[in-house]
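This briefing covers the contact between two protein chains, and then two backbone positions with unusual torsion angles. Please look over the sequence and the model before reading on.

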Amino acid sequence: MIPDLDARLAHNLDVVMAGIDAPPRSRFERLLLRARVPEPTARLVAATPTLRIAWFVSVAVVLLFASSAGDTTWDDAGRLAVLLTLAPLVPVVGVALAYGSGADRAHEVSLAAPLSGLRLVLLRTATVLAASAALTLLGVLLAPSAGWLRLAWLLPAAATTATTLAIGTRLGMRTAAGVVGTAWIMLVVAIAQTAGDAAAPFRATGQLVALAVAALATVVLVTGRRHLEHWDGR
Amino acid sequence: MTAPTLHLDGIVVRLAERFTLTVDSLTVGPGITVVQGANGSGKSTLLRLLATVVAPDAGRITVAGRVVADRADRTDRADRADRADAAAIDAALLATRRSLGYLPQHDSVPPRLRVFDHVDLVAVMRELGTDPRSRRAMVHRALVAVGMDDLGAERCGRLSGGQRRRVALAAALAGRPSLLVLDEPDASLDADQLTGLTRALTERAGDATIVVATHHAAWSTTLHPAQTVQLHEGQVRRAA
């Protein structure tokens, strides 16, 4: 009995001392806990290393659009096309910077841990998406034309993000982001020039294609998750 | 948790055509195993292999009698029978990672996080503790073990190299894992800290399998290792 008692006392002392030693949780983490996010998940999300970078990139896009809004050399359709082209790239940059050895010093430690790699990627992606989407919406408010086209970046953003994740399971997130980003810009420019309409890639047909690509990439991501769960540290 | 025994058979790891690690046969049992060798001899590759971070291109690894990797593991075009094996390997890999504490060679401590938060974050990834309070108690105990408990609220970027190393070591030691893979844990430590590290490792050696890579031959003898593995140009020269 006495050794058991000693162990319990030692454990209780550790609990008390941990409460004293531990720094207070960040405002963001407290907000997540108040929103009933499970504590371990809140901890993982709050410590996403590149959340700040995602905010900076989003702010840059918003500022770029804000400055282009006052540029008289572009018409309204051209300015809207710039926003719609850039907005889906923001989460791609965020994803590239949210997972991998270049993004996180503790990446190798996370590989050796039992936590699912897919879960970590998706949690960090969701965090970066939420951060970037909030600020991209600001850019939308500055968009010169009204109507649904102002939100026409949402499905393309889902498609570019899901494709980056799907390719990233095999090539690494940074390479995947480079491939997807380049392909996206080339595709938008080619369609716009062929149609003679800067917003052509974002109209109904483009939205349907984006939805299909997002769905397909999600299937590829889920079926290829073994690459994230397994030994990818080289 | 009992200390696991690891077997490596016919292992080949190729790293971008510039380096190949070859291990014909190696058994790592309970107690401390020291891995030594010159720079570029393959110490870190061997430890990353044991920590389930790098996969073998060929060969088989078993931990506590369960296969965690073999050549078939790297092909996704498996038939139905192979998929059953893959499921068993997945389960064994997960079980191994649940019992593993890993210290990589490079600085693995993010500068923006606070000391306690980093060790706690790794503890979350390692699924330690049945609830947040017991997990945080384990984090506190690990920080005490490396003498960093009074710096829990400090940002890691403000610490010295030796202090950051001890924080990373605390993240590996937390929860008393039965398998510890430590790549140069003595790097950047002064004499007193080295003595503390020796004490912490030898105290754990009774109920854990500990693999330590080091350049520090004199220090490694103070660990009273059960086995010393010598690597030379990617090959195990001697395991005694």
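A salt bridge is here a side-chain nitrogen of Lys or Arg within 4 Å of a carboxyl oxygen of Asp or Glu, and Asp107(B) and Arg105(A) form one through their side chains, with an N to O distance of 2.9 Å. This is a predicted model, in which local features need pLDDT of at least 70 and side-chain atom pairs count only at pLDDT 80 or more, while totals for chains, interfaces and linings use all residues. Residues are numbered from 1 along each chain as its sequence is written, chains are lettered from A and ligands numbered from 1 in the order in which they are written, and side-chain values use heavy atoms, with hydrogens and water left out.

**Interface between chains A and B**
- With contact taken as heavy atoms within 4.5 Å, chain A contributes 37 residues and chain B contributes 58 residues.
- Between chain A and chain B there are five salt bridges in total.

**Backbone positions in chain B**
- Thr52(B), although not a glycine, has a positive phi of about 60°, and with 1% relative accessibility this residue counts as buried (under 20% relative accessible area, 1.4 Å probe, protein chains only).
- His224(B), also a residue other than glycine, has a positive phi near 50°, and at a relative accessible area of 65% His224(B) is exposed (over 50%).
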